[in-house]
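Biologist: Could you take me through one helix in this model up close, starting with how it packs against its partner? I'd like the whole picture in one go, and then whatever else helps to put it in context.

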Amino acid sequence: MARSCGGLGLRSGGHVGRKTKPSRLSLLLALTLCSGVALAFEESGHTMVAQLMVPFLKDGARSELERLYGEDWSREIVSRAAMVQADLNRPQNKSMIPLQLTLFEQGDETFQPDKHCPNNRCSVGAVLESREVLLRSSFSDADKRQATIYLMHYALQMHIPVNSGLKRDDGGRKIYLKDDDLQPVNLAWIWNHDLYRQMDKRWFTYAQELYRDIEKVDPQAWVESMNPADWALEAHEIAEAEVYPLAAEGRYSAQLKRAGTAVLEEQLKKAAYRTASLFNEMFPPEDAPDMAESEAEG
């Protein structure tokens, strides 16, 4: 047997429409939690990326998360990071597959909401919707706690290259490779599950290792754009340049495992740092200058 592995008011400018009604947003949150998909990154991967994100959170974001979750906020968000995934893994929740993916046509060079996020159902839209819930005072703290976890979840999803891959193969779900036992394995399953398991590391230790890697580079290059649509497009370009060529020979080879692991680790680091940057942007320190006032002075 072959192995195989969710209306968001999205606008072309990368922002959620301000006319979106709170009741509709709340409904989406409820639907997301109780309607999911078996295709998604390994649950422990979400836990690891959440742990990796925490050190990059600044005072404003930390204060808001402490307000929402209490004094032990960091432990809370890390322990809850896999909550969405656990529910989405249920077979009956396949109806929310679109929120896990943002798919493109070969050669696409820009993100177009109507084309790449039809009916506002894609990972980009899910991140923007979660961001809107966190920013709006009309939502309850319970909604905001849920939105925190959803934002973390879908931001990671869009960084897994096949999840921002090609529409024609449903993000690798229609591509099968032969493993060492000559059994067919699904490309999406490889990138969402098995490559992570191949690493065979405890999530906390792994987070520490990747944190040390980030300290050696300038991660600010990863946030030159703070638009999640740009991150999904970048992941798509990586899929076209590196993921699909590795699968071209039709084998789940040692070379695919080695090269794929390197690509995946880079994407996990980006996902953690960018998610932290989203929270930092949403919740700046209290003494930070007002953005509107700064622009006026300039």
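Modeller: Helices α9 and α12 sit roughly perpendicular to each other, because angles from 65 to 115 degrees count as that and theirs is about 100 degrees. Keep in mind that this is a predicted model. The axes of α9 and α12 are 10 Å apart where they pack, with α9 covering residues 187-199 and α12 covering residues 254-282. On the α9 side, the residues that meet α12 are Ile190, Trp191, Leu195, Tyr196, Gln198 and Met199. Facing them from α12 are Leu256, Lys257, Gly260, Thr261, Val263, Leu264 and Glu265.

How enclosed is α9 by the rest of the structure? Largely, since 11 of its 13 residues are buried. The buried ones run from Leu187 through Ala188, Trp189, Ile190, Trp191, Asn192, His193, Asp194 and Leu195 to Tyr196, and then there's Met199. So several of the residues that meet α12, including Ile190, Trp191, Leu195, Tyr196 and Met199, also turn up among the buried ones.

Now for the shape of α9. Its 13 residues should span 18 Å at 1.5 Å a residue, and the end C-alpha atoms are 17 Å apart, which agrees. There's a kink along the way, though: about 40 degrees, centred on His193, and His193 is one of the buried residues.

The two ends of α9 have their own details. At the N-terminal end, Asn186 acts as a cap, with a side-chain oxygen 2.8 Å from the backbone nitrogen of Ala188. After the helix comes Asp200, which has a positive phi, near 55 degrees.

For context, look at helix α11, residues 228-247. Its N-terminal end is capped as well: a side-chain oxygen of Asn227 lies 3.0 Å from the backbone nitrogen of Ala229. α11 has a kink too, about 45 degrees and centred on Ala239. From first C-alpha to last, its 20 residues reach 27 Å, close to the expected 28 Å.

Helix α8, residues 141-159, is worth a glance too: its 19 residues should span 27 Å, and the end C-alpha atoms are 28 Å apart, which agrees. α8 is mostly covered, with 15 of its 19 residues buried.

Back to α12 for a moment, since Leu52 leads there. Leu52 belongs to helix α2, residues 43-53, and is buried, with a relative accessible area of 1%. Leaving aside residues up to four places away in sequence, Leu52 touches Ala207, Leu210, Tyr211, Ile214, Leu268, Lys269 and Ala272. Ile214 is 162 residues from Leu52 along the chain, yet their C-alpha atoms are separated by 9.9 Å.

One last stop, if you like backbone torsions: the loop between α6 (113-116) and α7 (123-135), which holds Asn119 and also Asn120. Asn119 has phi near 55 degrees, a positive value in a residue other than glycine, and Asn120 has a positive phi near 60 degrees. Where they part ways is accessibility: Asn119 is exposed, at 65% relative accessible area, while Asn120 counts as buried, at 17%.

Methods:
Residues are numbered from 1 along each chain as its sequence is written. This is a predicted model: local features need pLDDT of at least 70, side-chain atom pairs count only at pLDDT 80 or more; totals for chains, interfaces and linings use all residues. Side-chain values use heavy atoms; hydrogens and water are left out. Helices (H or I, at least four residues) and strands (E, at least two) are DSSP runs, numbered from the N terminus. The expected span of a helix is 1.5 Å times one less than its number of residues. The bend at a residue is the angle between axes fitted to the seven residues ending there and the seven starting there. Buried means under 20% relative accessible area, exposed over 50%, partly exposed in between (1.4 Å probe, protein chains only). A polar contact is a pair of N or O atoms within 3.5 Å; within protein, one must be able to donate a hydrogen and the other to accept it, and residues adjacent in sequence count only if both atoms are side-chain atoms. Axes are lines fitted to C-alpha atoms, for helices over the stretch in contact, and angles run from 0 to 180 degrees between N-to-C directions. Contact means heavy atoms within 4.5 Å.
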